[in-house]
Amino acid sequence: MLPVTESTLVVRTDFTDSDAWTRVCRAVAEPPGGDLVRAAFTFVDDFAFSGLSPSRALERVPHGPSHPMVALADSLTMTSPGLPLLVVDLIDDPGGTFRSAPEVLWHVANNLFVAPGFFHDYVRSVDPDGVYRCGGREGQIKVLSAIASLRGLPFDADDYDFSPVTSPASRPRHR
């Protein structure tokens, strides 16, 4: 069984590249929005889930999931530029999937938590290569600007690094 948690699970299913897994975890945990965005994630790094498929993930999620999705770091995640995670729907279309860039997984997790019926909207919003990126730099700026505005905080897009995570090198996140 996957752990019972109030946070979104990010499960490692491919164990061929530890550096890629480290980059996935960093990109998910430290999104470009810094303190403006909040999402809770539990990272599962257990060889017992090696090769876990979306349908098997559905079987392994405890009954009554507290979150409408699980993200899998599968072989495509670990070998692709940008490290796109496989997002698996647990409620709206159980077993349905799409890929998400790890740095915008907070956006997916938060919105599906509030409105789980919108999974299909993410499926339709992937880029031509099949990965959801929140509209790229411009889309992320719009979302973060709106969040800052709702919180009464200043926002300057130049203070954030919106480049995708594609290399092992660290990159600055928020100044």
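A salt bridge is a side-chain nitrogen of Lys or Arg within 4 Å of a carboxyl oxygen of Asp or Glu. The legends below describe close-up views of a predicted model.

**Figure 1. A salt bridge within helix H2 links Glu59 and Arg56.** The two side chains meet with N and O atoms 2.4 Å apart. Both residues belong to helix H2, which covers residues 54–60. They are three residues apart, about one turn of the helix. Arg56 counts as partly exposed because its relative accessibility is 38%, a value between the limits of 20% for buried and 50% for exposed. In the whole structure, a search finds six salt bridges.

**Figure 2. A salt bridge joins the side chains of Asp74 and Arg99.** The N-to-O distance of this pair is 2.7 Å. Asp74 is placed in the loop between strand S3 (69–73) and helix H3 (75–79), whereas Arg99 is in strand S5 (residues 97–100), so the salt bridge ties together parts that are 25 residues apart in sequence. Both partners, Asp74 and Arg99, are buried.

**Figure 3. Asp127, Asp129 and Arg133 form one network of salt bridges.** Between Asp127 and Arg133, the closest N and O atoms are 2.9 Å apart. Asp127 has a relative accessibility of 25% and therefore counts as partly exposed. Arg133 is likewise partly exposed, at 25% relative accessibility. The network arises through salt bridges that share partners, and it includes Asp129.

**Figure 4. Cys25 and Cys134 are buried cysteines in a structure with zero disulfides.** Cys25 has a relative accessible area of 16%, and Cys134 has one of 6%. Both count as buried because each value is under 20%. A search of the whole structure for disulfides finds zero. Cys134 is located in the loop between strand S6 (131–132) and helix H6 (136–150). The phi angle of Cys134 is near 60°, which is positive although the residue is not glycine.

**Figure 5. Leu83 is a buried loop residue with a positive phi angle.** Its phi is near 55°, again a positive value in a residue other than glycine. Leu83 lies in the loop between H3 and strand S4 (85–89). With a relative accessible area of 1%, Leu83 is buried.

**Figure 6. Gln140 is a buried residue of helix H6.** Gln140 counts as buried because its relative accessibility is 6%, under the limit of 20%. When residues up to four places away in sequence are not counted, Gln140 touches Pro32, Val104, Arg133, Cys134 and Phe162. Among these neighbours, Arg133 also forms the salt bridge with Asp127, and Cys134 is the loop residue whose phi is near 60°.

**Figure 7. Helix H1 comprises residues 18–29 and has buried residues that are covered by other elements.** At 1.5 Å a residue, the 12 residues of H1 should span 16 Å, and the end C-alpha atoms are 16 Å apart, so the two values agree. At the start of H1, a side-chain oxygen of Asp17 reaches to within 3.1 Å of the backbone nitrogen of Asp19. The buried residues of the helix are Ala20, Trp21, Arg23, Val24, Cys25, Arg26, Ala27 and Val28. Strand S1 (8–12), strand S2 (41–44), S3, H3, S4 and helix H4 (105–114) are included in what covers them.

Notes: Residues are numbered from 1 along each chain as its sequence is written. This is a predicted model: local features need pLDDT of at least 70, side-chain atom pairs count only at pLDDT 80 or more; totals for chains, interfaces and linings use all residues. Side-chain values use heavy atoms; hydrogens and water are left out. Helices (H or I, at least four residues) and strands (E, at least two) are DSSP runs, numbered from the N terminus. Buried means under 20% relative accessible area, exposed over 50%, partly exposed in between (1.4 Å probe, protein chains only). A disulfide is a pair of cysteine sulfur atoms within 2.5 Å. Contact means heavy atoms within 4.5 Å. The expected span of a helix is 1.5 Å times one less than its number of residues. A polar contact is a pair of N or O atoms within 3.5 Å; within protein, one must be able to donate a hydrogen and the other to accept it, and residues adjacent in sequence count only if both atoms are side-chain atoms.
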